[in-house]
Amino acid sequence: MPLKKPKEARLKALTEEIAALLYEETDPEAVKTLEGIETAVLGHLLEHVGPQIGNFFIRTSSGTTSGRHREIASIIGDLSIRERQGKRLGLKARSQWSPYLEKCCLLVSANESYQRAAEDIAILTGMTVSSSTQQRLVQRQDFTAPEVDCGVKEMSLDGGKVRL
């Protein structure tokens with residue numbers, strides 16, 4: 001989403017200032033490689049920047065700050081959200097994860113083991129979601145059974161084909 005020129009210039013200046021502050025707080029040994037820089041920046045985004053921006057968006061778009069407080073794990077970091085904010089923004093009751101983080105977990109869990117999914121989510125998003133949590137997320141989903149219009153002729157089990 002493009003910004004108007006004055007806002008873009010101000011955002012760039014503020015971003016440079018934030019980057020300088022965060023760089024001062026970063027271990028010099030951790031940023032000697034591009035991977036190290038990416039890991040450090042992602043860590044700072046998830047711990048400091050993302051939650052601040054996310055909480056501002058939540059307050060502004062929901063229009064309320066009342067209700068019981070809870071923490072939500074999100075792909076932009078841990079967010080502080082109020083009960084009424086969650087209702088207005090479509091957050092499931094008693095959920096500890098944002099809908100988007102939950103969707104990422106389900107997508108990765110569908111293709112791999114829960115342990116591998118937990119490792120992949122940590123690498124892809126920087127957020128840690130344990131393998132047992134991955135399993136609970138999948139098990140609490142209400143999947144509809146697909147409609148089948150013909151019989152099964154063969155299936156693959158552990159990589160080998162079995163003709164039926």
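This report walks through the salt bridges, a few helix contacts, a surface patch and one odd backbone angle in a predicted model.

Let's start with charges. Side chains of opposite charge can pair when their charged atoms come close. In this model the count comes to five salt bridges, and the table lists three of them.

| Pair | N to O distance |
|---|---|
| Lys 32 and Glu 29 | 3.4 Å |
| Lys 92 and Glu 102 | 3.0 Å |
| Glu 102 and Arg 140 | 3.1 Å |

Take Lys 32 and Glu 29 to begin with: both residues of this pair are exposed.

The other two rows belong together, since Lys 92, Glu 102 and Arg 140 are linked in a network of salt bridges. Glu 102 turns up in both pairs, with Lys 92 at 3.0 Å and with Arg 140 at 3.1 Å. Where do these residues sit? Look at the Lys 92–Glu 102 bridge (3.0 Å). Lys 92 is in the loop between helix H3 (83–88) and helix H4 (99–111), while Glu 102 is in helix H4, so this pair ties together parts that are ten residues apart in sequence. Now the Glu 102–Arg 140 bridge (3.1 Å). Here Glu 102 of helix H4 meets Arg 140 from the loop between helix H6 (131–139) and strand S3 (154–157), so the pair ties together parts that are 38 residues apart in sequence.

Is Glu 102 buried or exposed? Its relative accessibility is 5%, and because buried means under 20%, Glu 102 counts as buried. Its partners come out another way: Lys 92 is partly exposed at 44% relative accessibility, and Arg 140 is partly exposed too, with a relative accessible area of 41%.

Next, the helices. Two packed helices are described by the angle between their axes and the distance between the axes. For H4 and H6, the axes come within 10 Å and cross at roughly 95 degrees. The range from 65 to 115 degrees counts as roughly perpendicular, so that label fits H4 and H6. On the H4 side, the contact is made by Glu 102, Cys 105, Leu 106 and Ser 109; on the H6 side, by Gln 134, Leu 137 and Val 138. So Glu 102, the buried residue, shows up in this helix contact as well as in the salt-bridge network.

H6 has another partner. The axes of helix H5 (residues 114–125) and H6 come within 8 Å and cross at roughly 105 degrees. That again makes the two helices, H5 and H6, roughly perpendicular. From H5, the contact uses Tyr 114, Gln 115, Ala 117, Ala 118 and Ile 121, and from H6 it uses Ser 131, Gln 134, Gln 135 and Val 138. Gln 134 and Val 138 of H6 are thus listed both in the contact with H4 and in the one with H5.

Over on the surface, Leu 34, Ile 37, Val 41, Leu 42 and Leu 45 form a nonpolar patch, with about 410 Å² of accessible area together. One of these, Ile 37, is in helix H2 (residues 34–62). Ile 37 has 38% relative accessibility and counts as partly exposed.

Last, a backbone oddity. Which residue has a positive phi although it is not a glycine? That's Arg 94, with a phi of about 65 degrees. Arg 94 is found in the loop between H3 and H4, and at 74% relative accessibility it counts as exposed.

Technical notes
Residues numbered from 1 in each chain as written. Predicted model: local features only at pLDDT ≥ 70, side-chain atom pairs only at ≥ 80, totals over all residues. Heavy atoms only, no water. Patch = residues over 30% accessible without salt bridge, like charges linked within 9 Å, V, L, I, M, F, W, Y side chains within 5 Å. Areas by Shrake-Rupley, 256 points an atom, 1.4 Å probe, with all protein chains shown as cover. Salt bridge = Lys/Arg side-chain N within 4 Å of Asp/Glu carboxyl O. Helix = DSSP H or I, 4+ residues; strand = E, 2+ residues; numbered from the N terminus. Buried < 20%, exposed > 50% of the residue type's maximum accessible area, 1.4 Å probe, protein only. Axes fitted to C-alpha atoms, helices over the stretch in contact; angles between N-to-C directions. Parallel < 35°, antiparallel > 145°, perpendicular 65-115°, else oblique. Contact = heavy atoms within 4.5 Å.
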